[in-house]
Amino acid sequence: MNKDSKIYIAGHNGMVGSAIWRTLTVKGYTNLLGVSSAALDLRNQQAVADFIAAEKPEVIIDAAARVGGILANNDYPYQFIMENMQIQNNLIDSALKFGVEKFIFLGSSCIYPKLAPQPLKEEYLLTGTLEPTNEWYAIAKITGVKACEAIRKQFGKDYLSLMPTNLYGTHDNFDLNTSHVLPAMMRKFHEAKENNHAPVTLWGSGTPMREFLFVDDMAAAVIFALENKLPDYLYNVGTGKDLTIKQLAETIQKITGHYGEIIWDASKPDGTPRKLMDITKMHELGWKHQVQFEEGIQKTYTWFLENIDRFKEVKM
Ligand SMILES: NC(=O)c1ccc[n+]([C@@H]2O[C@H](COP(=O)([O-])OP(=O)(O)OC[C@H]3O[C@@H](n4cnc5c(N)ncnc54)[C@H](OP(=O)(O)O)[C@@H]3O)[C@@H](O)[C@H]2O)c1
């Protein structure tokens, strides 16, 4: 990989894509390509093929997807399965057709079976039933992993998939209708603090365990995969440590400075009881996360406060 290699980052305006862009720029990469969804709708097969044929990137990093939490997955199952398959299929197929040398596909830890042993090893893929609240998204992601694996097997190309655990950080989505648990909590605690430390109601029992990785560490993992020819087709990316949703809430409550009550609404779904990645494969190759959890939460909250005006327009 040269510093002037043409690298197309699909989804470069998103949380992960923008972190990859920033990190590559800092590392001196000079030939990055990014297009917004308004200029290129990745669901449009012909438009994607024309774009890849014209631009001929050497590498594609696919960080474009329809992403969301339990609520959004539950309300829009068709969009979650279909749009994700369209976006990734169009990119992967055009990459193969037009000679893209390397393709890095980003999936998600929800591809693993709901009741798989913990921590989740890559080999557990397709060994059991998925978590029903996000199976639409998970099935789309599994087809992306398999398409890249098939290209690797059949054509010997360096197409691979990284499975991130739950990510958070700067440029996260703080819209309560579509956000993931961590930014949703951060916004709720912040607004409750502003509202005289009003009680905060959170979904579920607080007992499920989750792992969280700061987005800059994810970007570093992507760049590690970019700069090295990794021997396998699928790698988990995480911290290897998890905490309960209750511990997560208490950490965010402390960092936002909220002193009010936390109410757990146990009538709402908890999702998978535990989701911890086994990250032995990435560790053995030499990648490891750098940002500790409280430090990452503090950085995210600082960014949230600096950008608060843009969230005020988003309805709660
Ligand atoms: N966030 C997490 O916790 C998490 C965890 C595991 C895996 N991942 C994976 O990481 C990747 C990036 O996630 P993220 O959190 O960065 O998501 P994000 O902030 O929502 O960004 C997604 C990006 O995808 C682009 N996009 C969506 N639909 C598109 C379309 N039809 N045409 C063109 N572009 C489209 C958007 O472009 P515009 O901004 O231009 O509209 C947006 O920048 C995804 O593959 C996701 O599955 C995320």
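**Exercise 1. Which residue with positive phi follows H6, and how does the span of H6 compare with the expected one?**

Step 1. Asn196 comes after H6 and has a positive phi, near 65 degrees. Helices here are DSSP runs of H or I with at least four residues, strands are runs of E with at least two, and both are numbered from the N terminus. The model is a predicted one, in which local features need pLDDT of at least 70, side-chain atom pairs count only at pLDDT 80 or more, and totals for chains, interfaces and linings use all residues. Residues are numbered from 1 along each chain as its sequence is written, and side-chain values use heavy atoms, with hydrogens and water left out.

Step 2. The expected span of a helix is 1.5 Å times one less than its number of residues. Helix H6 (residues 181–194) has 14 residues and should therefore span 20 Å; its end C-alpha atoms are 20 Å apart, in agreement.

Step 3. Buried residues of H6 include Leu182, Met185, Phe189 and His190. Buried means under 20% relative accessible area, exposed over 50%, and partly exposed in between (1.4 Å probe, protein chains only).

**Exercise 2. Describe the surroundings of the ligand and its polar contacts.**

Step 1. The ligand is surrounded by 25 residues, the closest being Met15, Val16, Ser37, Tyr137 and Lys141. A residue is near a molecule if one of its heavy atoms lies within 4 Å of it.

Step 2. Sort the shell by class: 13 residues are nonpolar, 9 polar and 3 charged. Ala, Val, Leu, Ile, Met, Phe, Trp, Tyr, Cys and Pro count as nonpolar, Asp, Glu, Lys and Arg as charged, and the others, Gly among them, as polar. At least two shell residues come from each of helix H1 (15–26), helix H5 (135–155) and strand S6 (166–168).

Step 3. List the polar contacts, which are pairs of N or O atoms within 3.5 Å. Ser37 places a polar side-chain atom 2.6 Å from a ligand oxygen atom. For Asp41, a polar side-chain atom lies 3.0 Å from a ligand nitrogen atom. At Leu167 a polar backbone atom is 2.9 Å from an oxygen atom of the ligand.

Step 4. The ligand taken alone exposes 900 Å², of which the protein buries 83%. These areas come from the Shrake-Rupley method with a 1.4 Å probe.

**Exercise 3. What is the strand order of the open sheet of 3 strands, and which strands stand at the edges?**

Step 1. The order is S11-S8-S13, with mixed pairing. Two strands pair if DSSP finds at least two bridges between them.

Step 2. Strand S11 (243–244) and strand S13 (274–275) are at the edges; each has a single partner strand, so one side of each lacks a neighbour in the sheet.

Step 3. Strand S8 (residues 209–210) and S11 run antiparallel and are joined by 2 bridges, with Met209 partnered by Thr244 in S11.

**Exercise 4. Are the faces of strand S10 covered or open?**

Step 1. Leu234 and Asn236 on one side of S10 (residues 234–237), and Tyr235 and Val237 on the other, are all buried, and both faces are covered.

Step 2. S10 runs parallel to strand S5 (residues 158–164), with 4 bridges between them; Met163 stands opposite Asn236.

**Exercise 5. Locate the cis peptide bond and characterise Leu126 and His171.**

Step 1. The cis bond joins Gln118 and Pro119, with omega about -5 degrees. Pro119 is in the loop between S4 and H5.

Step 2. Leu126 lies in the loop between S4 and H5. Its phi is positive, about 65 degrees, although Leu126 is not a glycine, and at 56% relative accessibility it counts as exposed.

Step 3. His171, in the loop between S6 and H6, is not a glycine but has a positive phi of about 65 degrees. At 30% relative accessibility, His171 counts as partly exposed.

Terms used
Polar contact = N/O pair within 3.5 Å; in protein donor to acceptor, adjacent residues only side chain to side chain.
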